[in-house]
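Me: Could you walk me through this one? I'd like to go through it in short questions.

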Amino acid sequence: MFDSITKSVYLRVSSSFDSNIGYLDCGEHKVLIDSGTGMFTEKLEQDLQGLGVSLDAITDIVLTHSHIDHVGGVIPLLKEGNPKIHAHKADADMINSGNMSPTLSETFGSRIPQFEIEGVLEDADVIDFGDLKVKVLHTPGHSAGSICLHLEEQGLIFTGDTMFSGSSFGRVDLPGGNARELVDSLKKLSEIDFQIALPGHMSPVIGNARSSAKSSYEQAKNWFRV
Ligand SMILES: [Zn+2]
Ligand SMILES: [Zn+2]
């Protein structure tokens with residue numbers, strides 16, 4: 001089920017190995033933030049139908065990073081329709097050249113076919129979806145191509161696997177992870193005035209998300225001693 005967060009922003013909190021999935025209703029643009037593993041696409045379809053949207057109506061998918069629990073769903077969605085895929089350059093350049101290692105699919109014992117990332121993103125880019133503008137914050141640490149997506153007018157950030165609720169934060173022990181970079185990325189988030197954090201896993205932070213980011217930053221700094 002998608003929960004309504006603001007007028008045009010929804011979040012589907014996952015109860016499986018899937019990542020959480022965001023949905024932005026921007027009129028002409030119908031945007032998913034991350035796509036889950038792709039193992040539960042029928043359920044995703046039902047949940048989107050609850051919002052009056054069909055899978056083939058999705059125009060864009062923005063990936064917070066390329067781990068398989070976030071990108072696997074791109075494959076079935078590309079079969080249903082023709083969404084434009086967006087991801088940070090660090091992941092996009094590799095995937096576009098046929099190197100699927102940023103997905104970690106082999107680490108998790110599966111294979112993911114190559115797909116094309118047309119929207120190659122860099123820090124501070126603003127994706128214009130008409131009704132909503134999405135600013136890209138490059139936040140490496142959990143992975144090299146991790147980004148957070150800032151909806152400045154809504155005071156809302158999709159934090160991917162960088163920041164979680166309850167002072168928590170993403171792991172750095174997977175290939176491409178880096179503790180120093182994660183701490184710096186959490187610091188960057190803690191310096192932004194925002195109210196709502198929609199993470200890639202577990203529950204969102206509704207209200208005073210900046211102070212939650214600050215405590216994730218403090219916890220990570222102590223934990224990694226960097
Ligand atoms: Zn994840
Ligand atoms: Zn991840």
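Reply: Sure, terms first: helices (H or I, at least four residues) and strands (E, at least two) are DSSP runs, numbered from the N terminus. This is a predicted model, where local features need pLDDT of at least 70, side-chain atom pairs count only at pLDDT 80 or more, and totals for chains, interfaces and linings use all residues. Residues are numbered from 1 along each chain as its sequence is written, while chains are lettered from A and ligands numbered from 1 in the order written.

Me: Cool. What follows H4?

Reply: Gly98, with a positive phi near 95 degrees.

Me: And which residues of H4 are buried?

Reply: In H4 (residues 89-96) they are Ala90, Asp91, Ala92, Met94 and Ile95. Buried means 20 or more other C-beta atoms, placed from the backbone, within 10 Å of a residue's own.

Me: What covers them?

Reply: The cover includes strands E6 (84-88) and E7 (119-121).

Me: Switching topic: how do H5 and H6 pack?

Reply: H5 (residues 179-190) and H6 (residues 209-224) pack at about 160 degrees, with axes 8 Å apart. Therefore H5 is roughly antiparallel to H6 (over 145 degrees, between N-to-C directions of lines fitted to C-alpha atoms over the stretch in contact, on a scale of 0 to 180).

Me: Which residues make that contact?

Reply: On H5, among them Leu182, Val183 and Leu186; on H6, Ala213, Tyr217 and Phe224 are included. Contact means backbone-placed C-beta atoms within 7 Å.

Me: Which residues have the most contacts inside the largest nonpolar core?

Reply: Ile61, Leu149, Ile157, Leu186 and Ala197, in a core of 58 residues. Such a core joins buried Ala, Val, Leu, Ile, Met, Phe, Trp, Tyr and Cys through C-beta atoms within 7 Å.

Me: What does Ala197 touch?

Reply: Ignoring residues up to four places away in sequence, its partners include Ile157, Met163, Val205 and Ala213. Ala213 also belongs to the H6 side of the contact with H5.

Technical notes
Parallel < 35°, antiparallel > 145°, perpendicular 65-115°, else oblique. Contact = placed C-beta atoms within 7 Å. Buried ≥ 20, exposed ≤ 12 C-beta atoms within 10 Å, placed from the backbone.
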